[in-house]
Amino acid sequence: MKLKYLISTILFIATLNAAAQQVEGIDWQVDTIKFKIKKFIITQDIDTQQIKLDTLIKHIEISHPNFRKYRFPIYLGHTVSPTISAFFPEQKIQAPFYPIYYYQNCIFTPFNLAFFNTNIPYSYLYYTGTDKTTDEQILDFLLTMNSGKHLNYGIQYKMQTTRNQKVNSNSVVNAFRIWMRYANRKYLFLANLYFDKIKIYEDGGFIDTAKTFDALTAQYFMKTATNTLRSKGLTIFQKLLISPSLSIISYTRLIHSDKIFYEPYTDTNYFEITRLSQNKTYDSTALNLLENDAYLSMNIKRISLKFGIKNQVESYYSFKNYIIGLSSDKYYNNAAEAKIYFSTSKYQISANGKYFLTGRKKNNYLITSSQTINLGKIQLTSQQMQSLTAPSLFLIRYNGNHDFWNNNFKPIQTTNLNISISIPNFAINTGIGGGWKKNFIYFDSIATPTQTLQKIPYYYFFWDKKLHIKPFITEMHITLQNIENKNITLPHLLIFNSTYADFFMFKKHLRLNIGINTYYTDSYKALAYRPSTGIFYYENKRLTGSYPIIDIFAAGKVQRAQFFLKVKYMNFLLFKEYFFYVNHYHLAEFLILFGVKWWFKN
């Protein structure tokens, strides 16, 4: 039954792709409806590249939100969930603070903040809910304002609540930020202050991981436990234009992240309590990070140069040091950095180098380069990366009731090369890549960080294609990967497909999309999740994958209003079985999800 359904899906997609090769003048379109707002510009990186908003805003997400970042996400089964990529090159083992890093698609971080230059200020309100109000709700509100020609400011608030239907694992996320942008002919100032709080009620998942079971009698690993994660930060960016070809740039980031795991009951075999004998137990850890960057930027005809220095202060707290405010491990890291960019109508070449001179990261480096050649209707791109990266302090030292380690890990060496070909007229992007990691760190079968000293080679191939044969649109992402290490158990085949009809009704006042999303991986040994530390680890016990995950949706747009209706996990109705990406955490039964997004002028 499963094999028959998978073959039918692939044949249908292949038929559409084959038919497209015989159609001339195909009207290629993106997979979502664009919402165009005049005189509305967004800025999202420290080089202050300004992009029209209508190139970034897509229709309400018809796929899982984590697909915005990862080729294929692994998560616990509900939207607000810790998430890791199934694509090996996307796994960032050097993340400064893992528990927060795994939730980065749900909260504000210094790396996903946006600034709006609004000649005409706009705001939006976005809400999603389900047929069962406690299963999933998302509220997202953005307000932008102007004061004169030079000053923009605003606020944004996100609230998300989700509950896995069969596992007593609930999540509540509150994220808030205030931003400001001031710009004149010679000076640019950007500031962003954000606060995130994540509250997770956990039970460790089901002990019985069979695909069919009685949820009323199923046993959990724990009674009610809670994880509280908080993150707050201030980012300030300044750029002063000295001359048309010379400018000074400064960038400051102040970040605090902490996590507290609280388990009121210890009458369970899930944890081996070894450090405290009282009934209530805590695990806690925190990281303070202060970064100051200063650059001198020069533009000489077709060449852009940037030279600078980075100062970084890390303060790491573990367990009692954070609970009672004792001193932390503090490190001062200083680095030099240089960037060069060269561009013509046919070639674009860039290179970046960073080298740490002092601190615990001394002699660490990062070298990246990219070359792009435009050959008429074909674009060739080659990217290279080599790095030596000190492990995060979280991997080196953790001291809690339930987990503790003290490691002396070596820096991680990484080399990566990929070559891609893009053919915009045929909406194709494909490529190959590979590399190796030495001294790679992963969480082993007992959820403890382990370093492998030998090289781990890996290779991958990807094929991305968008196809429009009116009124149908299909988007296909296929990834093949191979990791030559028996302890790193990830799927070899990753597939995401979205196929839908795109058409107008009521004299083109209403635009509709109706279609199906399909997610598929081949069989692999599922990862597991450790609530006390908030990490994924390679348990290497039970196989998962080799079945499609199916969502059916309808989405529409009327003037400034957008809406959608989606039935998630249709495969439950087809096969009457529970599926999972993470061991002990089943995906939900089918779920009816609806949402609306409304843009309006202030």
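Strands, in the numbering used here, are DSSP runs of type E with at least two residues, counted from the N terminus. The exercises below concern a predicted model.

**Exercise 1. Determine which strands contribute to the nonpolar surface patch, and classify Ile303 as buried, partly exposed or exposed.**

Solution.
Step 1. The patch covers about 760 Å² and is made by Ile300, Ile303, Ile340, Phe342, Tyr347, Ile349, Ile373, Leu375, Ile378 and Ile421.
Step 2. At least two of the patch residues come from each of strand 15 (329-343), strand 16 (347-358) and strand 17 (365-375).
Step 3. Ile303 belongs to strand 14, which spans residues 303-318.
Step 4. Partly exposed denotes the range between 20% and 50% relative accessible area. Ile303 has a relative accessibility of 31% and therefore counts as partly exposed.

**Exercise 2. Describe the overall composition of the chain in terms of secondary structure, burial and contacts.**

Solution.
Step 1. The chain contains five helices and 37 strands.
Step 2. Of its 602 residues, 52% are buried.
Step 3. Among contacts with a separation of 6 or more, 62% join residues 24 or more positions apart.
Step 4. The exposed area of the chain is about 27400 Å², of which carbon and sulfur atoms supply 60%.

**Exercise 3. Identify the residues with the most contacts inside the largest nonpolar core, and list the contacts of Ile74.**

Solution.
Step 1. The largest nonpolar core comprises 67 residues, and Ile74, Phe394 and Tyr581 have the most contacts inside it.
Step 2. When neighbours within four places in sequence are left aside, Ile74 is in contact with Pro82, Thr83, Ile84, Ala86, Leu490, Tyr524, Leu527, Phe536, Tyr581 and Val582.
Step 3. A second core, separate and consisting of nine residues, includes Tyr122, Tyr126, Trp179 and Phe564.
Step 4. As background, nonpolar side chains tend to be buried together in soluble globular proteins.

**Exercise 4. Classify the ring geometry of the pairs Phe237 with Tyr251 and Phe394 with Trp405.**

Solution.
Step 1. The whole structure holds 21 aromatic pairs.
Step 2. For Phe237 and Tyr251, the ring centres are 6.1 Å apart and the planes lie at 70°, so this pair is edge-to-face.
Step 3. Phe237 is in strand 11 (residues 225-243) and Tyr251 in strand 12 (residues 246-263), 14 residues apart. Phe237 is buried at a relative accessible area of 3%, and Tyr251 is buried at 9%.
Step 4. For Phe394 and Trp405, the centres are 6.0 Å apart and the planes lie at 80°, so this pair is edge-to-face.
Step 5. Phe394 lies in helix 4 (residues 393-396) and Trp405 in strand 20 (residues 404-406), so the pair ties together parts 11 residues apart in sequence. Both Phe394 and Trp405 are buried.
Step 6. One aromatic cluster is formed by Phe87, Phe88, Phe440, Tyr458 and Tyr460.

**Exercise 5. Locate the backbone features at Pro471, Asn439 and Ser546, and state the burial of Asn439 and Ser546.**

Solution.
Step 1. The peptide bond from Lys470 to Pro471 is cis, with omega near 5°. Pro471 is placed in the loop between strand 25 (456-469) and strand 26 (472-483).
Step 2. Asn439, although not a glycine, has a positive phi of about 65°. Its loop runs between strand 22 (428-438) and strand 23 (440-443). With a relative accessible area of 5%, Asn439 is buried.
Step 3. Ser546, also not a glycine, has a positive phi of about 70°. The loop holding Ser546 lies between strand 32 (543-544) and strand 33 (549-558). With a relative accessible area of 36%, Ser546 is partly exposed.

Definitions and conventions:
Residues numbered from 1 in each chain as written. Heavy atoms only, no water. Core = buried A, V, L, I, M, F, W, Y, C linked by side-chain atoms within 4.5 Å. Buried < 20%, exposed > 50% of the residue type's maximum accessible area, 1.4 Å probe, protein only. Contact = heavy atoms within 4.5 Å. Patch = residues over 30% accessible without salt bridge, like charges linked within 9 Å, V, L, I, M, F, W, Y side chains within 5 Å. Areas by Shrake-Rupley, 256 points an atom, 1.4 Å probe, with all protein chains shown as cover. Salt bridge = Lys/Arg side-chain N within 4 Å of Asp/Glu carboxyl O. Helix = DSSP H or I, 4+ residues; strand = E, 2+ residues; numbered from the N terminus. Phe/Tyr/Trp six-rings, centres within 6.5 Å; stacked < 30°, edge-to-face > 60°.
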